[in-house]
Amino acid sequence: MSTHDLAGQPAPSDQLLDVSALLAAYQNDQPDPSVAAQRVSFGTSGHRGTAFDRTFNEAHILAIAQAVCDYRDEAGITGPLFLGMDTHALSAPAQATCLEVFAANEIDVRIAADDGVTPTPAVSHAILTYNDGRAEGQADGVIITPSHNPPADGGIKYNGPTGGPATPTATNWIQNRANQHLDTKLADVKRIGYEQALRADTTQEYDFLRHYVDDLDAVLDMEIIRESGLSLAVDPLGGAGVHYWTAIADTYDLPLEVLRTEVDPTFSFMTLDWDGQIRMDPSSAYAMQSLINLKDEYDVAFACDTDHDRHGIVTKNGGLMPPNAYLSVMVDALLSSRTGWADDVGVGKTVVTTRLLNRIAADYGRPVTEVPVGFKWFVDVLYDGSCGFVGEESAGASFLRKDGTVWSTDKDGIIAALMAAEITARTGQDPSERYDELTEQFGNPVYERVDAPATPEQKAVLKNLTPDLVTQDELAGEPIQTIRTNAPGNDAAIGGLKVETENGWFVARPSGTEAIYKIYGESFNGRDHLNQIHEDAQALVNRAFDASPKTA
């Protein structure tokens, strides 16, 4: 998939979102539930779509919100529901729709004051804080966000009483019930007017910002950052944390400059991503070009995506760090500095995240829990404290408080970003410099993900790959050690296939949200070896397609 000619450049004005047209489509266009693409579908992180394609319209949100109410009844969840949203254009109307349904169902709802935007980790933190010590009347949450997706997209996800993404059992239940509501033309959906919902006794404001910001010192060493004399900068990318960063800097007197505080639903200030789309992806060098251009002006700079659950780290010495590189540095820093963690606290990673984490964890004598793609698989190990750090290759991570108790069971881009400042303050090295030292000690991996278009039939084939498709004994010249279709950490299906050797591996799996498949690969033996891994992996995928009558 080739790089767009304008990647890394400001978006042309004629490419910006027509917000009025999008909002009109949200209100007026009706999805056809007989069309599979227009039904509710909870992927790896909730339901996403755009009103222009009839995949994220008012009808979807009415159905999903009522399904959440139905699920709460089914599961016996009676505490408040914390409702947050990001700054995408569809988020505010979707939140209003949710509130109309929740109030009609007499659900106690907590919303942010004023503009109402709330980072994903602040919602997770609020749920966990409320539920601490409660066996009954526990809270849950809904977050309106399509993450870093383009401006025309919308998204909604459900977080259960453990604070993070709900289990597949819960999301499948909500998805199926929502589609039943669509099939019956929303006949069983309860709804009242928005102004009435705002005035309802069950709707109350909650200061997400202050509760979250004032507690940050429990998870990070804010004093060492404050006293460091470093020059720090953050670009909120116009997202839900835009006001949080100023509050963090002021509360802890940090040497932190907030570079941009405007909120623009067209995200016209962004540079175009690799494919010419506007995408608020802090791990993309194309989308992060504006901050990368400022790298020499600060010791460390960072950014978060639109709901602030992902991070991007920019250093003087290395520019934008690849997510796997920074995850490795965080693991090393946390395991060496968090003396309040138990000695057996481990590290969590997905099956497509760098194996360098395994090598670092082994050096500290810590176990590694490897799970399928999706942060939902990390919720339990964060909640019970058995993993001190968890991370995924797409720049999502979270970690425990300094005393070893749970902080957030959803991705937290804010603490991951601030950890870069703590590392630099504590060690005198920025994260890029520390990564260079780690690779000298443990090996220097080369990592690449290759995407290719895929039909629904091809995606189904890849999701159901079996080990017997691997007919060779070697991968890129090395003996194959393991062939997996289930993750070793929890035995859950990875939705694809992983093949491993001593110095390399690949995973082939379909995307849960796009019409593509992905081949992830890593080698500790250099670029040529990685290229051979990808060639062997592609040959296996081609054999699988050829063997299936539906894709032949």
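How many of the eight residues of strand β23 are buried? In this predicted model, the answer is eight of eight, and the strand, residues 516-523, is mostly covered. The cover extends to both faces of β23. On one side, I516, K518, Y520 and E522 are buried. On the other side, Y517, I519, G521 and S523 are buried too.

Two strands pair with β23. Strand β17, residues 446-453, is joined to β23 by eight bridges. These two strands run antiparallel. Within this pairing, V450 stands opposite I519 of β23. Strand β22, residues 504-510, contributes seven bridges to β23. Here, too, the strands run antiparallel. The bridge partner of R509 in β23 is K518. K518 and I519 thus appear both as bridge partners, of R509 and V450 respectively, and as buried residues on opposite sides of the strand.

The chain as a whole was examined next. Its secondary structure comprises 17 helices and 23 strands. The C-alpha trace spans about 65 × 65 × 55 Å along its principal axes. A compact globule of 552 residues would have a radius of gyration near 24 Å; the chain has 23 Å, so the value agrees with that expectation. Of the 552 residues, 60% count as buried. Contacts between residues 24 or more positions apart make up 70% of those with a separation of 6 or more. The accessible surface comes to about 20,700 Å². Carbon and sulfur atoms account for 44% of that surface.

Nonpolar cores were then considered. The largest has 76 residues. The residues with the most contacts inside this core are L216, W245, I248, F302, M330, F399 and L418. At least three of its residues come from domain 1 (16-211), and at least three from domain 2 (215-442). A second core, separate from the largest, has 49 residues, including A152, Y158, I174 and A197. In the largest core, W245 is among the residues with the most contacts. Beyond four places in sequence, W245 touches V234, P236, L256, V258, F302, C304, H308, I414, A417 and L418. F302 and L418, which W245 touches, are themselves on the list of residues with the most contacts inside the core.

Three individual residues illustrate local environments. T424 lies in helix α14, residues 413-427. Its relative accessible area is 7%, under the 20% limit, so T424 is buried. Apart from neighbours within four places in sequence, T424 is in contact with L230, V300, Q429, D430 and P431.

H47 belongs to strand β2, residues 46-50. H47 counts as buried because its relative accessibility is 2%, under the 20% limit. Its contacts, leaving aside neighbours within four places in sequence, are R39, V40, S41, F42, T55, F56, H60, I64, G154, G155 and I156. I144 is 97 residues from H47 in sequence. In space, the two are 9.7 Å apart, C-alpha to C-alpha.

S337 is placed in helix α11, residues 323-337. At 17% relative accessibility, S337 is still under the 20% limit and therefore counts as buried. S337 touches E422 and R426, not counting residues up to four places away in sequence. N172 is 165 residues from S337 in sequence, and the C-alpha atoms of the two are 40 Å apart in space.

Terms used
Residues numbered from 1 in each chain as written. Predicted model: local features only at pLDDT ≥ 70, side-chain atom pairs only at ≥ 80, totals over all residues. Heavy atoms only, no water. Buried < 20%, exposed > 50% of the residue type's maximum accessible area, 1.4 Å probe, protein only. Helix = DSSP H or I, 4+ residues; strand = E, 2+ residues; numbered from the N terminus. Pairing = 2+ DSSP bridges. Core = buried A, V, L, I, M, F, W, Y, C linked by side-chain atoms within 4.5 Å. Domains from an automatic or database assignment. Contact = heavy atoms within 4.5 Å. Rg over C-alpha atoms; globule rule 2.2 N^0.38 Å. Areas by Shrake-Rupley, 256 points an atom, 1.4 Å probe, with all protein chains shown as cover.
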